[in-house]
Amino acid sequence: MSNEALRRLAEERVDHRFKGLPPDAADLTVAELAAQRRNLFTGGFATPVLALSAERLEHNLDLMETYAERHGLAFAPHGKTSMAPQLFWRQIEHGAWGITLAVPHQVRVARAYGIRRIFLANELVDAAALRWIAGELAADPDFRLVCYADSVRGVELMDAALRNAGATRPLDVVVELAAGEGARTGVRTEAECAAVADAVAAVPTLRLVGVAGYEGEVPRPDPERVRAYLRRLVALAAGFDKAGLFGGLDEIVVSAGGSGWFDAVADVFADIPELSAPVLKLLRSGAYVSHDDGHYRKLTPFNRVPQEGALEPAFRLWAQVVSRPSPEQAFVNAGKRDAAYDLDLPFAQVVRRDGAERPATGISVTALSDQHAWLATTEEADLEVGDWLGMGLSHPCTSFDKWQLIPVAEADGTVVDYIRTYF
């Protein structure tokens with residue numbers, strides 16, 4: 001992780017843009033502040049403050065690297081989860097083939113920090129973005145971008161934009177197979193997929209390199225429905241190959257895999273038949289990097305295959321009790337601006353007072369305002385104004401996006417790094 005852009009990131013000044021950080025650290029660089037190894041609880045950090053566990057983050061990176069290797073999968077974790085170039089590079093250092101992204105701005109962030117393999121899990125029809133990507137491909141022969149095609153119209157728009165941009169290298173595309181009627185994006189039928197593939201093959205600005213999809217959009221998902229969809233995806237690749245649509249490729253891309261069904265992806269992709277070129281079996285799960293205490297704790301495939309290991313929730317949001325108006329109610333100073341709330345409310349976990357930490361017994365989060373969390377407290381709750389409340393979060397993607405600079409803390413509270421995000 002030695003590229004120049006990351007070094008400049010460490011030289012960024014800590015100031016009012018970054019909430020939760022110590023006010024007396026103003027004008028230090030990120031590197032200087034990290035070198036001080038301040039303690040999250042005694043080092044001047046102001047509430048609310050979101051922290052990542054150093055140990056749990058490393059555990060999750062190790063676990064998914066091992067999982068992908070064990071199952072013969074290439075791994076392009078979805079970067080939209082964190083939008084943190086430091087984490088992109090740590091994922092690559094842990095064996096990732098590249099990074100998956102969703103929209104052109106995210107690609108620009110990744111390119112600014114030297115990411116050379118990007119899987120864009122969307123059809124790209126924006127002419128300005130295609131012009132920029134054509135320039136990136138021309139300027140860097142080591143840069144590879146693969147994006148979706150899910151309509152003949154989309155292929156026509158991509159071709160026109162790339163022609164107008166004077167593209168010198170073809171853009172790699174995969175045909176996206178929809179997960180079913182009423183699902184999200186993607187081509188609905190195999191016949192329509194063939195039409196899209198033929199349209200790609202007919203233009204010099206694009207190169208068909210495989211197929212892809214997202215099994216997380218399978219309607220009423222269960223193991224058999226998800227596997228049936230993934231078998232359709234594999235059969236589509238085999239059919240394209242038999243028709244000669246992958247002629248001249250060094251490898252054929254077959255990609256799927258969100259954070260809820262990667263065990264099914266591993267099972268079905270293990271049975272991909274031999275094709276005319278080696279198959280890049282590309283998994284794209286992203287939420288694993290921080291995991292969570294709610295949605296993904298319940299959803300993770302590791303619940304179904306516990307012998308493969310377990311992810312650990314790495315986020316904790318710390319807030320301070322600022323009001324205790326009654327024995328049944330309290331308020332802390334973190335709300336919708338600080339915590340994910342689209343899938344679940346935060347979970348009260350621990351209380352800190354005078355350096356001692358104990359379980360948040362009898363405390364639950366019942367609602368969020370913009371800058372407050374509403375707490376219900378029972379007779380068991382020992383909670384006073386000034387106490388720190390540590391909360392678990394649900395949904396990594398909407399936790400990262402509320403914080404621009406996130407402390408990474410060891411188990412004793414020592415902050416060893418800061419993660420910069422770009423949303």
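Start by selecting strand 3 and strand 4 (residues 117-123): the two run parallel and are joined by three bridges. Keep in mind as you go that this is a predicted model. To find a landmark in the pairing, highlight Thr-100, which stands opposite Phe-119 in strand 4.

Now widen the selection to the sheet around these two strands. There are eight strands in this open sheet, paired in parallel and ordered 2-9-8-7-6-5-4-3. Which strands are at the edges? They are strand 2 (74-75) and strand 3 (99-101), each of which pairs on one side only.

Next, add helix 7 (residues 152-164), which packs on the sheet. Its contacts there are with strand 4, strand 5 (144-149), strand 6 (171-176) and strand 7 (206-212). If you draw direction vectors, that of helix 7 makes about 145° with that of strand 5.

**Two helix pairs**

Keep helix 7 on screen and add helix 6 (residues 127-139). The axes of these two helices cross at roughly 55° and come within 9 Å, which makes helix 6 oblique to helix 7. The crossing of helix 6 and helix 7 is right-handed. Show side chains for Ala-127, Leu-130 and Ala-134 in helix 6, then for Leu-157, Met-158, Ala-161 and Leu-162 in helix 7, and you will see where the helices meet. By residue class, this contact between helix 6 and helix 7 has seven nonpolar residues, no polar and no charged.

For another helix pair, go to helix 3 (residues 54-70) and helix 4 (residues 85-93). Here the axes are 9 Å apart and the packing angle is about 45°, so helix 3 is oblique to helix 4. The crossing of helix 3 and helix 4 is right-handed. Which residues of helix 3 meet helix 4? Select Leu-57, Glu-58, Leu-61 and Glu-65, and look across to Leu-87, Arg-90, Gln-91 and Glu-93 in helix 4. The residues of this contact between helix 3 and helix 4 divide into three nonpolar, one polar and four charged.

**A hairpin and its neighbour**

Jump along the chain to strand 10 (residues 315-326) and strand 11 (residues 329-332). These run antiparallel, with three bridges joining them, and form a hairpin with two residues between the strands. Pick out Ser-326, whose bridge partner in strand 11 is Gln-329. Then bring in strand 15 (residues 373-377): four bridges join strand 11 to strand 15, and the pair runs antiparallel. One bridge to display here links Val-332 with Ala-373 in strand 15.

**Rings and backbone details**

Turn on the aromatic side chains next; the structure holds 12 aromatic pairs. Zoom in on Phe-41 and Trp-388: their ring centres are 5.9 Å apart and their planes stand at 65°, so this pair is edge-to-face. The pair links distant parts of the chain, with 347 residues separating Phe-41 from Trp-388. Phe-41 is in the loop between helix 2 (30-35) and strand 1 (49-53), whereas Trp-388 is in strand 16 (residues 388-392).

Stay with the loop between helix 2 and strand 1, where Pro-48 lies. What kind of peptide bond joins Thr-47 and Pro-48? The bond is cis, with omega about -5°.

For the last stop, select Arg-220, in the loop between strand 7 and helix 9 (223-242). Check its backbone torsions: phi of Arg-220 is near 45°, a positive value in a residue other than glycine.

How values were computed:
Residues are numbered from 1 along each chain as its sequence is written. This is a predicted model: local features need pLDDT of at least 70, side-chain atom pairs count only at pLDDT 80 or more; totals for chains, interfaces and linings use all residues. Side-chain values use heavy atoms; hydrogens and water are left out. Axes are lines fitted to C-alpha atoms, for helices over the stretch in contact, and angles run from 0 to 180 degrees between N-to-C directions. Angles under 35 degrees count as roughly parallel, over 145 as roughly antiparallel, 65 to 115 as roughly perpendicular and the rest as oblique. A crossing is left-handed if the near helix is turned anticlockwise from the far one by less than a right angle, and right-handed if clockwise. Contact means heavy atoms within 4.5 Å. Ala, Val, Leu, Ile, Met, Phe, Trp, Tyr, Cys and Pro count as nonpolar, Asp, Glu, Lys and Arg as charged, and the others, Gly among them, as polar. Two strands pair if DSSP finds at least two bridges between them. Rings of Phe, Tyr and Trp (its six-membered ring) pair if their centres lie within 6.5 Å; planes under 30 degrees apart count as stacked, over 60 as edge-to-face and the rest as tilted.
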